[in-house]
Amino acid sequence: MKKFILDLKVKSVEKVHERYVLIRLTDDKPLPEMLPGQFVEVRVDGSSSTFLRRPISIHFVDRAANELWLLVACVGDGTHRMSQLHENDTLNCVLPLGNGFSTLADCRLPLLVGGGVGVAPLLYQGAMLRQGGVEPTFLLGARTAKDLLMLSEFEKYGRVLVTTEDGSMGEKGFVTDHSILQQERFDFIQCCGPTPMMKAVACYARRQQICCEVSLENLMACGLGACLCCVEKTTEGNLCVCKEGPVFNINRLLWQD
């Protein structure tokens, strides 16, 4: 897929949580084709400590409004500066990068599992599945109710189930503790979030013999497979997550063994 370097215009920056912002970007021309699970590399201007671009998952693409949505966790100076952008500012992005989720053309009961900012790529995937006539089930986990992100958006495209570690919303516990996993049988699982959560979901999928993909969150500096800082051990040897992933079938990964 062709890659672009674009100065995108900021339409809005919305604070959706004390640590997260939703940035809506647009362009004078139609945005390039982008797939769920792919990401962009964002240049951060004006930061003396941020020399490399920041990889951000594609949260959603609104073709009608010609918008790209980025859900950004403010964890350092670079992302903090991104959160301070204003309407009509520009953000230089390299996109689209990486390989996305499978389209699940023959799948009828997909389960999309996310935790923390790992929910970001699942919204666009859910929307594409719904567009194809399949209603996904979202299983989203967080520490507390206030840490659950963008629930109203997910509800537009499928059934939303939640877990919280303190029990303040949904079922208490981790996503792998949710009763739906014992009550219903899914035919494909796609997952993104903290590595321990993804490993637990992968273990469940393997036990149940369900196909499963995970979107890895290794540190990705260049986004093109040149710097080798995001290498992951796989059944095919060491692969760059930014180029060969970030989405992998769990059977290709060695971190489960």
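Let's call a residue buried when its relative accessible area is under 20%, exposed when that area is over 50%, and partly exposed in between (1.4 Å probe, protein chains only). The model is predicted, so to speak on trust: local features need pLDDT of at least 70, side-chain atom pairs count only at pLDDT 80 or more, and totals for chains, interfaces and linings use all residues. Residues are numbered from 1 along each chain as its sequence is written, and side-chain values use heavy atoms, with hydrogens and water left out.

**Exercise 1.** Find the salt-bridge partners of R19 and sort the residues involved by exposure.

*Solution.*
- Step 1: take a salt bridge as a side-chain nitrogen of Lys or Arg within 4 Å of a carboxyl oxygen of Asp or Glu.
- Step 2: E18 pairs with R19 at 3.5 Å, N to O.
- Step 3: D147 also forms a salt bridge with R19, with the closest N and O atoms 3.8 Å apart. That pair ties together distant parts of the chain, 128 residues apart: D147 sits in the loop between β9 and α3 (151–154), R19 in the loop between β1 (4–17) and β2 (20–26). Helices (H or I, at least four residues) and strands (E, at least two) are DSSP runs, numbered from the N terminus.
- Step 4: D147 counts as buried because its relative accessibility is 12%. R19, at 38%, is partly exposed, and E18, at 55%, is exposed.

**Exercise 2.** Work out how R81 and D77 are placed in helix α1.

*Solution.*
- Step 1: their side chains meet in a salt bridge (3.1 Å, N to O).
- Step 2: they are separated by about one helical turn, because they are four residues apart in α1 (residues 77–83).
- Step 3: R81 is partly exposed at 33%, and D77 is partly exposed at 31%.

**Exercise 3.** Lay out the open sheet and see how β8 and β12 fit in.

*Solution.*
- Step 1: count two strands as paired if DSSP finds at least two bridges between them.
- Step 2: the seven strands then come in the order β11-β10-β9-β8-β12-β13-β16, with mixed pairing. At the edges are β11 (171–172) and β16 (247–249), each pairing on one side only.
- Step 3: β8 (residues 110–115) and β12 (residues 188–192) run parallel and are joined by five bridges. P110 has F188 as its bridge partner in β12.

**Exercise 4.** Identify the best-connected residues of the largest nonpolar core.

*Solution.*
- Step 1: such a core is a set of buried Ala, Val, Leu, Ile, Met, Phe, Trp, Tyr and Cys residues joined through side-chain atoms within 4.5 Å.
- Step 2: the largest has 51 residues, and L25, L68 and L70 have the most contacts inside it.
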